[in-house]
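Please open the model in your viewer and keep the selection panel at hand. The stops below say what to select next and what is there.

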Number of protein chains: 4
Amino acid sequence: MSTDMSGEFAIFNRRESEARSYCRSFPKSFVKATGSELTDSDGRSYIDFLAGCSSLNYGHNDPDMKQALIDHIMADGITHGLDMHSDAKAAFLTAFEDIILKPRGMDYKVMMTGPTGTNAVEAAMKLARKVTGRRNIIAFTNGFHGMTMGALACTGNASKRAGAGPVSLNDVSRMPFEGAFGADIDSLRIVEEMLSNPSSGIDAPAAFIIEPVQGEGGLNAASTEFMQGIARLAREHGALLIVDDIQAGCGRTGTFFSFEEMGIEPDLIPMAKSFSGMGLPFAALLIKPEHDIWGPAEHNGTFRGNTHAFVTARVALEKFWKDDSFQHEIAEKAEMLREALQRIADEIPGASLNGRGMMLGVDVGSGDLAGAICARAFEMGLIIETSGANDEVVKVLAPLTTPKDTFAKGLSILHDAARDISATHKIAAE
Amino acid sequence: MSTDMSGEFAIFNRRESEARSYCRSFPKSFVKATGSELTDSDGRSYIDFLAGCSSLNYGHNDPDMKQALIDHIMADGITHGLDMHSDAKAAFLTAFEDIILKPRGMDYKVMMTGPTGTNAVEAAMKLARKVTGRRNIIAFTNGFHGMTMGALACTGNASKRAGAGPVSLNDVSRMPFEGAFGADIDSLRIVEEMLSNPSSGIDAPAAFIIEPVQGEGGLNAASTEFMQGIARLAREHGALLIVDDIQAGCGRTGTFFSFEEMGIEPDLIPMAKSFSGMGLPFAALLIKPEHDIWGPAEHNGTFRGNTHAFVTARVALEKFWKDDSFQHEIAEKAEMLREALQRIADEIPGASLNGRGMMLGVDVGSGDLAGAICARAFEMGLIIETSGANDEVVKVLAPLTTPKDTFAKGLSILHDAARDISATHKIAAE
Amino acid sequence: MSTDMSGEFAIFNRRESEARSYCRSFPKSFVKATGSELTDSDGRSYIDFLAGCSSLNYGHNDPDMKQALIDHIMADGITHGLDMHSDAKAAFLTAFEDIILKPRGMDYKVMMTGPTGTNAVEAAMKLARKVTGRRNIIAFTNGFHGMTMGALACTGNASKRAGAGPVSLNDVSRMPFEGAFGADIDSLRIVEEMLSNPSSGIDAPAAFIIEPVQGEGGLNAASTEFMQGIARLAREHGALLIVDDIQAGCGRTGTFFSFEEMGIEPDLIPMAKSFSGMGLPFAALLIKPEHDIWGPAEHNGTFRGNTHAFVTARVALEKFWKDDSFQHEIAEKAEMLREALQRIADEIPGASLNGRGMMLGVDVGSGDLAGAICARAFEMGLIIETSGANDEVVKVLAPLTTPKDTFAKGLSILHDAARDISATHKIAAE
Amino acid sequence: MSTDMSGEFAIFNRRESEARSYCRSFPKSFVKATGSELTDSDGRSYIDFLAGCSSLNYGHNDPDMKQALIDHIMADGITHGLDMHSDAKAAFLTAFEDIILKPRGMDYKVMMTGPTGTNAVEAAMKLARKVTGRRNIIAFTNGFHGMTMGALACTGNASKRAGAGPVSLNDVSRMPFEGAFGADIDSLRIVEEMLSNPSSGIDAPAAFIIEPVQGEGGLNAASTEFMQGIARLAREHGALLIVDDIQAGCGRTGTFFSFEEMGIEPDLIPMAKSFSGMGLPFAALLIKPEHDIWGPAEHNGTFRGNTHAFVTARVALEKFWKDDSFQHEIAEKAEMLREALQRIADEIPGASLNGRGMMLGVDVGSGDLAGAICARAFEMGLIIETSGANDEVVKVLAPLTTPKDTFAKGLSILHDAARDISATHKIAAE
């Protein structure tokens, strides 16, 4: 980004912290957003394949959510109510119970945590430690769980960890995610042997924390066998299973929860990102009732239970999850996505696909290459980002509601961008 | 709260976590809120002396903020934009620069952290450690800074700390807040001697973190001398000064920042609660430019920079802080508050006032007594909470915009409640 | 010390680590030692007022201990027996029970830890945490307990703590020793208020660890009232009381245990230094029987229970502690010491005495001055060291068995050295 | 062990801590020891295949060491000299330089740490962290490094770790030792991939700490390739290599250092156990000169440099290491040992040999079986212990000086014991 102190961006250069990130990849100022498109201050529109990092699974400014929110505001509905009872909260909880929990045979308490994923993860970690009386949490290579001290300890990324300065990120043991050492080494066996060896030095775990698909870690998708194996190990070792469905949940992989067809029952499920439906800050921790041993206010916070988000989240559930039509729509687009990305991958030596459902990307083998493709795509009107330990995966996180023609157009831009850059890279390499 | 599984509250009992708190003190369901009043599902209205724990300094659903937000939503303005540039963010930053920073001669970068106080505190702690290369943070008795692992380590409250289970809350040294050991022991001298003794065992600090008025710790208000002393010690020992103005800021004590008449220049200022104006989740860390050494995305998060909050926060600044009329209004009400609370205190043996400006309470000497007064007040139509290590302070956090007659009415209810309960307690004691 | 790579000291310069310390203050090579005198390689003899930092309370090479040890070796007695039973161990334990424990009405188990003070302290810390299920240990300003990670966390000295590099020394809270903030601030009251305030941020303690006289921290001697106060607070808060008698024990203050006339019953007592009698490596942790919940080998170590030390330790007990004659002898010399040091202090502006019994020093107000006095004394044939946070105390730790004329001679040298240096300093200051 | 409070052992039951361990396996009281034999209070003699856990590599009470020590004591040589220069220390250092370092082309500084292995390990950990400015230390499964907080964090054994109570053992990452997951998974590759993946969550290491043969962890012997691989990874990642040669060093594997034929150059080498020659408490840390950045006294301790041990250690070097005859003798006995143990293993289904040189054992697959064999052997006059995560290895650690006929006799007893117990077990299983 320009460090120019005049012009449209001067205020950001002058007043916003150096910690800012996405604005550096997409150096425009955005003024409007509908569905799968963003418009910048010059009136140019962009197809959005980033979707607020999966926070906008239902697209920008869904008209029904908008209307419900406007109605709520105009009626002087509660905006901020701490964690007091409200009609909006009751309506949300009722919809969540009826539309999500009951049909899936799930019985969970909902803890309104601070409205960010990291806060829900921190609450899960604290509760798992409280329930078990143990300290150690097993986290996985390439896992990403947040930036506050507890969640950061579970996050693998070295540059993120560096943000803690000289302070230790303790009480977490690191294990290999499925495939971490290649296809010939069975990660599950390693985890199992480390836990069964009483001299391994791995303390008895309070919990395992795992993302079924690693959103920031390169779209690595765990198999059903791996997730079941981890669930079994957790059970055998008296640990809780925390499934972090913050990025992969809310339909992203094809079902509301990313793990719901895997036959596992997580003890704790942190939810955030698309949980509000419309991109409002909102997070919750789903807790198996037997683990809900919190004392009143033992984990509190001012913005627990964003009331505006209750309104939009309820509409999202009612609009998209009352029957299975939305799931079918996702499945169709996921197939379309896989085919398109495979075509791109086929043209890049060594490239392969990573991910599952509408959470899919192309591992192009190098962060430079992936970054160049995304930068080129942005020039051509597509917002898209990378993922992975070395940013080597071009990651598609389009709104699940993206109309097929828009989706096709976005994928076509991506293909063109990949082709352009590959050609350049090939020439540069020669 | 009733554990009844039928009726209006059944859904909360069935589905919400045991961690919930305020709904237990105020067992009604709220449906509407304007200015300083909340309305429950039975149509009864309550005067609000809690104000979302100081998140609603400008009252509920301020009409100008409401209108601006509705306009933004109807125009399909950005709802969720990660940390990309937007017109709404530029407008907020410009207003903040023009209305708040410049007139006060302050030069700070604004870091959009996750939209909760604890997240802003965690960012401050990480940055202070990164800047200094040190680990130790000096926190104060009765301090409250949040629930995530880093911030919780700075929080003094034992029951909150218990939420972490068996995990240590490390890298924080605890020092006495002003008056912690009574009037005859000078806390500042203790801090000074602990830091100047090379064998005290207190490691060189990365930062001091302090609230000018301790919102949860009993409304203890630091004097200018104490704050200047801490600022001087921080400077002398190469530590950063973090002034947590989350609860005391945004006009609560009479000025925008609670410390602005104290002649100190904090290095880092976490802001949250009323920062959005309307009670939307929003937080930021103000950073002296020389300390803004973050790498891009080194502390990231999905909901940094809630765009709806940019809109309402800008309106709040423009409406209330362009001149000093609002400050005068606060000063008048603060005087009114002090007089009313003094009259209450005069009737309770041993009671005294704690706090500053519109952040004032009556220390009635016992948590049971304070709790009973608040419960009685709620029956009489007033929402009010306690504060303090033993919940012994009846704390008034009315919206700063409360009309004088409403304010008087609320104070009158409080007086009646205190009188009722004191009488009962006196009889019980006899 | 010379960095000369030739000559007598070349081998030390070439091969010994920079961590070495005392050889820098006393740059001679010693070849012989008897009673209170050391002889260097030039045949010059020195009076020893350091006594191995109180490890040689009975002087160098006591003839009875020597003979018993030689007899043991010549008879092929066990040298190294791990923690197996041996006649030498039985004899030591029996003597310790009969001569020390029974007459004092004390009932303790003896844990043979690794033969260093720090190891006994680590064992105490581990056991206190195991017994209470708590983590936090309260240590005091200017406390010194050892160099391994656990004990170092309890040690206040900043330069010692720096040896841990960037690693945190956690799970210890620091409280002021008696008099830490001057005579007008009551340290005990501060400790009490920090522990009774549930929002102080001081977690419930597993233990207090305290030295009745702080050997390295400046010879600060706790009063009976202070020690009783700490013992009471430990009891009230469910914490164990660890009295580190490593430097002050074995007669140094006048009685076998430094606290035995204080009416307190420590839960755990780490012993080392003079415990072997003859300066051999030996340490033990005394444990109240109800706290001896160790599993077999749960804290092990190769050199637990140095058999040679069992032999000499037994002789020391039998020779010096069977009746109260040795205590009377110590009391007389302590009086002689106090008078002599007072005369020295009287000649140095602002100087005062610190300590108790034969553990007494002159606080001369400056590390430079104290160091210069000790260096001058060494030139004149006296080995003596400093103590204190700023090395400002000239510390006398003569063998308790020092003949009175030798003692007088050493004190006279010290007086001369102090006078010489004071004169120089006075001239320099003018 | 009997809990009988009368009889010979009553004093131990009454006064020694429950932490005691070896006396439970060998419930006799020992009174005399020479060479490879121990004699109990009934006059019965035992062949010693435990040798103080490899602290008595030169046997009990070697006559030359004895004589030198007696001469030293009779001449009033220094017993305790803190870390002052002495003739005994100079002689030891000179011998160590001439006999050990120079012939091997090794250049190391010698740090006299507290006289236990754990203290030398703690010093190594502190120094590695200080040198690198990093916190994380890579330790291996089944590693054993000591009982103080720092070293315990590197120790894998769960029951030992439990001794720390509820405190975290932090700043250590655990990696698989060679063969930890069986022959088909390459541990080195796992370590390499964990360190090269920037999102593995393994922080940049200050050091690797590894035992070439794991003395307590089951006699797992690392190959030259593995050790070289770890040395290379340490170098590539800017970490120090700590080779803990406490149990495997001093000739145990056939050469003075266990790694000296592996072509690696450790940065730090903790030595203890047999380093004094005669079983006296003594430890040192060997430091590559460029890492000797300690400040004076930065890691101190009262018993650093046990002067009696200097005397015996010098004799041990001069007597056994001046030429290669002792190495040849060890090699012959090691071959004899391997053959004998192989014969035993051949008779136990599934049994196999673990270890190297005179540090060899039979993995019999079960801790119960191994324990029963050792107990039977003791009845038959042989002192021998188990090793391994489940105590499943019968471990031979005979003095290296054991005469061949005594060695043969001991091995024969072991064979008989194994046969007896196997027969019983086979019958029990049928």
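**A guided tour, beginning in chain D**

Select D:Ile138 first, and then its bridge partner in E8(D), which is D:Phe208. Strands (E, at least two residues) and helices (H or I, at least four residues) are DSSP runs numbered from the N terminus. This is a predicted model, in which local features need pLDDT of at least 70 and side-chain atom pairs count only at pLDDT 80 or more, while totals for chains, interfaces and linings use all residues. Residues are numbered from 1 along each chain as its sequence is written, chains are lettered from A and ligands numbered from 1 in the order in which they are written, and side-chain values use heavy atoms, with hydrogens and water left out.

Next, widen the selection to strand E6, residues 136–140 of chain D, where 5 of the 5 residues are buried; buried means under 20% relative accessible area, exposed over 50% and partly exposed in between, with a 1.4 Å probe and protein chains only. D:Asn136, D:Ile138 and D:Phe140 point one way from E6(D), whereas D:Ile137 and D:Ala139 point the other way.

Now add the strands that pair with E6(D), where pairing requires that DSSP finds at least two bridges between two strands. Strand E8 (residues 205–210) of chain D runs parallel to E6(D) and is joined to it by 3 bridges. Strand E7 (residues 172–175) of chain D also pairs with E6(D) in the parallel sense, over 4 bridges, and there the bridge partner of D:Ile138 is D:Ser173.

Within strand E8 of chain D, select D:Ala207, a buried residue with a relative accessible area of 0%. Contact means heavy atoms within 4.5 Å, and, leaving aside neighbours within four places in sequence, the contacts of D:Ala207 include D:Asn136, D:Ile137 and D:Ile138, as well as D:Ala239, D:Leu240 and D:Ile242. For a distance to draw, take D:Ala207 and D:Ser258, which are 51 residues apart in sequence and 19 Å apart in space, C-alpha to C-alpha.

**An antiparallel sheet**

Move on to the open sheet of 4 strands in chain D, whose order is E12-E13-E16-E15, with antiparallel pairing. Strands E12 (352–356) and E15 (385–387) of chain D stand at the edges with a single partner strand each, so one side of each is left without a neighbour in the sheet. At E12(D), 5 bridges lead to strand E13 (residues 359–363) of chain D, and the partner of D:Asn354 in E13(D) is D:Gly361.

**Cysteines**

How many disulfides does a search of the whole structure find over all chains? The search finds 0, a disulfide being a pair of cysteine sulfur atoms within 2.5 Å. Select A:Cys250, which is buried at a relative accessible area of 1%; its sulfur is 14 Å from the closest cysteine sulfur, in A:Cys53, too far for a bond. Then select D:Cys154, which counts as buried at 0% relative accessibility.

**Chains C and D**

Finally, display chains C and D together. Chain D can be laid on chain C with an RMSD of 0.0 Å by a turn of 180° and a shift of 0.0 Å along the axis, the copies being superposed by least squares on the C-alpha atoms of residues with pLDDT of at least 70 in both. The two copies are thus related as by a two-fold rotation axis. To find that axis from chain D, select D:Met149, the residue of chain D that comes closest to the rotation axis, at 2.7 Å (C-alpha).
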